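Trainee: Please take me closely through one part of this structure, namely its interior, and then follow the contacts that lead outward from there. I would like the cut-offs stated as you go.

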Amino acid sequence: MNFRTSLIAAAFSAVSFSSFAAIDVSEPYARATPPHAPNSAAFMTLKNSGDELVSLVEAATPVAGTVELHTHAMHDGMMKMRQVETIDVPAQGMTELKPGGLHVMLFDLQKPLKEGESLTLTLTFSDGSEITKEIPVKKVMSGAHMKHKH
């Protein structure tokens with residue numbers, strides 16, 4: 001391979017690498033559940049180091065029958081959950097998924113999620129990238145009672 005071919009190959013690999021390296025997932029965790037609770041949620045911070053908006057479009061885990069992207073909304077004076085199609089992460093910015101805000105909802109759990117355990121969570125983004133993380137299960141106190149629409 002000559003110098004010019006090497007340079008072109010390096011440029012293409014840098015372009016393809018950067019398009020899939022824009023999102024970083026930090027501080028992910030899933031909420032521990034009491035016995036027989038059918039649902040839980042996962043939280044994290046998504047950081048986009050790229051120059052274009054990237055959206056979380058799907059999440060999956062083998063421990064839940066259904067996984068959805070959710071947010072909170074005030075409806076008739078009550079805070080309720082609702083499904084969203086995507087969770088946007090702005091260019092050169094971050095989006096926090098946290099209790100009382102955006103989150104990944106885990107429905108129809110195969111078993112209770114116990115503090116100290118972990119689960120595998122795969123996130124799929126609008127740029128075609130996928131990130132799979134082993135995330136810890138933590139006990140999180142909820143300050144409000146909220147209804148999940150499913």
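Mentor: The chain holds one helix and 10 strands, where helices (H or I, at least four residues) and strands (E, at least two) are DSSP runs numbered from the N terminus. Along the sequence these elements follow the pattern α-β-β-β-β-β-β-β-β-β-β. This is a predicted model, in which local features need pLDDT of at least 70 and side-chain atom pairs count only at pLDDT 80 or more, while totals for chains, interfaces and linings use all residues. Residues are numbered from 1 along each chain as its sequence is written, and side-chain values use heavy atoms, with hydrogens and water left out.

Of the 150 residues in the chain, 38% are buried; buried means under 20% relative accessible area, exposed over 50%, and partly exposed in between, with a 1.4 Å probe and protein chains only. Among contacts (heavy atoms within 4.5 Å) between residues at least 6 apart in sequence, 68% join residues at least 24 apart.

The interior itself is best taken core by core. The largest nonpolar core has 28 residues, and those with the most contacts inside it are Met44, Leu46, Leu56, Val104, Leu119 and Leu123; such a core is a set of buried Ala, Val, Leu, Ile, Met, Phe, Trp, Tyr and Cys residues joined through side-chain atoms within 4.5 Å. At least two of its residues come from each of E1 (23-31), E2 (40-48), E3 (54-60), E4, E6 (87-89), E8 (103-109), E9 (118-125) and E10 (130-138), and E9 gives the largest share, with four residues. A second, separate core has five residues, among them Tyr29, Phe43, Met105 and Phe107.

Leucine 119 is a useful point from which to look around. Not counting residues up to four places away in sequence, leucine 119 touches Ala30, Thr61, Val63, Leu106, Leu113, Lys133, Glu134, Ile135 and Val137. One of these partners, lysine 133, is found in strand E10 and counts as partly exposed because its relative accessibility is 30%. With the same exclusion of sequence neighbours, lysine 133 touches Val25, Leu119, Thr120 and Leu121, and its C-alpha lies 5.5 Å from that of leucine 121, a residue 12 places away in sequence. A polar atom of the lysine 133 side chain also lies 3.4 Å from the backbone oxygen of valine 25.

Tyr29, from the second core, has a partner in the segment after E10, where valine 140 is found. Valine 140 and tyrosine 29 are 111 residues apart in sequence and 9.8 Å apart in space, C-alpha to C-alpha; beyond its neighbours up to four places away, valine 140 touches Tyr29, Arg31 and Pro99.

The interior also holds a charged residue. Glutamate 68, in strand E4 (64-75), is buried yet has no salt bridge, and the nearest side chain of opposite charge, arginine 82, is 11 Å away. Here Lys and Arg count as positive and Asp and Glu as negative, with His and the chain ends not counted, and a salt bridge is a side-chain nitrogen of Lys or Arg within 4 Å of a carboxyl oxygen of Asp or Glu. The side chain of glutamate 68 does make a polar contact with the side chain of histidine 70 (2.7 Å); a polar contact is a pair of N or O atoms within 3.5 Å, where within protein one must be able to donate a hydrogen and the other to accept it, and residues adjacent in sequence count only if both atoms are side-chain atoms.

The structure holds one salt bridge, which joins glutamate 117 to lysine 111, the closest N and O atoms being 3.9 Å apart. Glutamate 117 is partly exposed, with a relative accessible area of 28%, and lysine 111 is likewise partly exposed, at 49%.

A further polar pair involves aspartate 88, in strand E6, which counts as partly exposed because its relative accessibility is 39%. The side chain of aspartate 88 makes a polar contact with the side chain of serine 55 (2.5 Å), and the two residues are 33 apart in sequence and 4.2 Å apart in space, C-alpha to C-alpha. Leaving aside neighbours within four places, aspartate 88 is in contact with Leu53, Val54, Ser55 and Thr95.
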